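Subject: A structure for you to look at

Hi there,

I am passing on a structure that I have been going through, and I hope you enjoy exploring it. Please open it alongside this message.

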Amino acid sequence: MPKTGVLIETENGAVKNINYGLITAALGNRENEVVAFVTQDCAAKAAEELSAYGASRVVRLGVAGGDINSSPDLCAKALAAAIEEFDLKYMAGLATAPGRDVFGRLCAILDAPYVSDIQSIDYGAGTAVKSHFSGKTMATVKLEGSVVLFTLRPNAVDPVENRVDSETAEFTADISEGGKVTVKEIKASQQGRMELTEAPVIITGGRPIGAPENYKMLEECAEVIGAAVGASRASVDAGFAPHSMQVGQTGKTVSPNLYIACGVSGAVQHFAGMKTSKVIVAINNDKDAPIFEKCDYGIVGDMFEVVPVLTEVLREFKDK
Amino acid sequence: MQVYVCVKHVPDTAANIKIKGENDYDTTGLKFVVNPYDEYGLEEAVRLVEKAGKGEVVIVTVGPAQAATTMRSALAMGATRGILVKTDDKFLDSRTASKALKAAIENDGAPDMIFTGKTSVDTEGSQVPYRVAKAFDFPVANEISALEVKNETATAEREIGGGAREVLEMSTPCVIGATKGLNEPRYPKFPDIMKAKKKEIKEFEPGDLGVDIPASNKGPLKLEPVPERSGAKMMQGNVRESVEELVQTLKDNKIL
Ligand SMILES: Cc1cc2nc3c(=O)[nH]c(=O)nc-3n(C[C@H](O)[C@H](O)[C@H](O)COP(=O)(O)OP(=O)(O)OC[C@H]3O[C@@H](n4cnc5c(N)ncnc54)[C@H](O)[C@@H]3O)c2cc1C
Ligand SMILES: Nc1ncnc2c1ncn2[C@@H]1O[C@H](COP(=O)(O)O)[C@@H](O)[C@H]1O
């Protein structure tokens, strides 16, 4: 059975939810065996969590010469060594900021082809589907190389439970030198916000939000349904929200189950970042707003009236 | 200070992409621009050289002959001169592109810094900066939105999720992949545009630089438009009614 290595993202010693869809993608039609790698001391706990989705081996990855988390170069080098050690046919990660960084380094080390940010993979056909032209087209690309490297867009593949027995192991790559870049510091975000690209639901406010403090209205609604809050570029440019909240071509690309756009006109550059959402809802006071032509459900109305009611109704439904 | 900037010639993101055949697109009448992320790299390069008081900013493009026009707009933004490695491959694979960029830069001079964008908006590869860095054996940092270069040390910041930022340190020369937030690229003025017309663009065939473009890799097997939604189902009634209808519909469809 071909083996797929998977780089797992953990946070405070726990597996992040977005990894489960990655395990599902890594398994294919259960044609692959999944070997998961973690870079923190939580292999046993991770094995418990990941075995529910089909990871049969969870490996604590390290380097001989020091801390694997001190440099993305070390993580990439250790993965390169793990490919040999575990005889992996595929090596997969998440297309998140850390995942993209490690896989960029890994493909360069191996001088191997690498497909980033894929939305689906077909092991039988040897192809993957990914966005081209800022979300305007989908490309089916051939998977090449003796080891196939790819990163998966978070939330693009729905996790499917598939319980297996799971064992844990350790692999310390024989790397003694440090990385060429070193992580000096992680600056935590002031607000401790949920990362947009990982959120199952996103509620976005466009330019008419009018002031930074008005995002509170969206945050209250988001809290009820475990959503993250996003912004359009016009709103970011006006200084109402930080760039880390921007959705779109020059912001983040997101694929949540539900995307609620409030006071967003529906520019192509905004859609480039969210059109792969499963369901898109628009709330706009102009019945002729272009966004209504390319979303699933619409409400015509003033967002400052509609959103508080939405929060209320969601709360009532939740309590029921 | 000798700074190189990799600049890709890409279709304007606002333009419609007309798919041609199975896996090609129509370029007639299609507007091409400097890859938007590369502009942040270029601006940073120009500022570094301005601050150093001497040196040049050389832009390097691997692309078709028409890319020269796109390069002129990068030259108008303050680059000194350009190098174009010519290929008609619309979907040049990232490994080959990186090898050509490396060869072109190495043939030209010794870089103190190399800038790229974080990703190409056409093929969305997100890997050339890493490959170019590896070819030179330089450190690399991508998706950089803040940078300081001092005494042969570069300190670079990138967002890593939820607004948190990672600060990376490395020695120069290094490769920096730029993204929005790094700076505000300048808008060229008329005299800059006129001056750019006279700036040098050296052209090379890949073979001149010892680069082999494999015939096997001609881009995607298939290119399809992302299906557009056909229009929203509008919720009816007053605010309360329409919101209830929406939430009920989302529940019924197991979205909530
Ligand atoms: C190279 C490039 C890159 C870009 N990248 C991005 C990107 O990454 N992300 C992005 O979002 N944009 C991007 N843009 C900008 C994009 O083209 C639009 O300008 C932008 O998305 C518009 O933002 P908006 O919808 O919030 O504002 P507007 O276009 O001003 O739309 C506001 C909408 O809200 C409605 N409205 C007004 N008041 C209310 C109210 N009280 N209640 C409800 N509805 C109301 C209006 O009817 C209108 O439809 C980019 C543009 C370029 C050229
Ligand atoms: N053909 C090319 N010519 C010049 N620069 C390129 C080319 N391809 C990629 N690059 C550079 O590498 C960055 C990342 O590209 P990619 O890995 O294709 O997403 C781009 O933003 C450019 O700066």
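Below is what was found, going from chain B to the helix contacts, the aromatic rings and one glycine.

Before you start, please note that this is a predicted model, where local features need pLDDT of at least 70 and side-chain atom pairs count only at pLDDT 80 or more, while totals for chains, interfaces and linings use all residues. Residues are numbered from 1 along each chain as its sequence is written, chains are lettered from A and ligands numbered from 1 in the order in which they are written, and side-chain values use heavy atoms, with hydrogens and water left out.

Chain B
Chain B has six helices and 15 strands; these are DSSP runs numbered from the N terminus, helices being H or I with at least four residues and strands being E with at least two. Its C-alpha trace spans about 65 × 45 × 40 Å along the principal axes. Of the 256 residues in chain B, 57% are buried (buried means under 20% relative accessible area, exposed over 50%, and partly exposed in between, with a 1.4 Å probe and protein chains only). Taking contacts in chain B (heavy atoms within 4.5 Å) between residues at least 6 apart in sequence, 69% join residues at least 24 apart.

Helices that meet across the chains
Helix 8 of chain A (residues 303-319) and helix 6 of chain B (residues 239-252) have axes that come within 9 Å and cross at roughly 50 degrees. Axes here are lines fitted to C-alpha atoms, for helices over the stretch in contact, and angles run from 0 to 180 degrees between N-to-C directions. The two helices are therefore oblique to each other (under 35 degrees is roughly parallel, over 145 roughly antiparallel, 65 to 115 roughly perpendicular, and the rest oblique). Among the residues that meet are Val309(A) and Phe317(A) from helix 8 of chain A, and Val243(B) and Lys251(B) from helix 6 of chain B.

Helix 4 of chain A (residues 97-110) and helix 4 of chain B (residues 128-136) also come together, with axes within 8 Å and a crossing of roughly 45 degrees. That makes this pair oblique as well. On the chain B side, the contact is made by Tyr130(B), Arg131(B) and Lys134(B).

Aromatic rings
How many aromatic pairs does the structure hold over all chains? There are nine, where rings of Phe, Tyr and Trp (its six-membered ring) pair if their centres lie within 6.5 Å, and planes under 30 degrees apart count as stacked, over 60 as edge-to-face and the rest as tilted. Phe86(A) and Phe171(A) have ring centres 5.6 Å apart and planes at 85 degrees, so they are edge-to-face. This pair links distant parts of the chain, 85 residues apart, and both residues are buried.

Another pair, Phe133(A) with Phe91(B), has centres 6.4 Å apart and planes at 75 degrees, so this one is edge-to-face too. The pair crosses between chains. Phe133(A) is buried at 3% relative accessibility, and Phe91(B) is buried at 9%.

One glycine
Gly13(A) sits in the loop between strand 2 (10-11) and strand 3 (14-15) of chain A. With a relative accessible area of 27%, Gly13(A) is partly exposed. Leaving aside neighbours within four places in sequence, Gly13(A) is in contact with Cys42(A) and Lys45(A).

Happy exploring!
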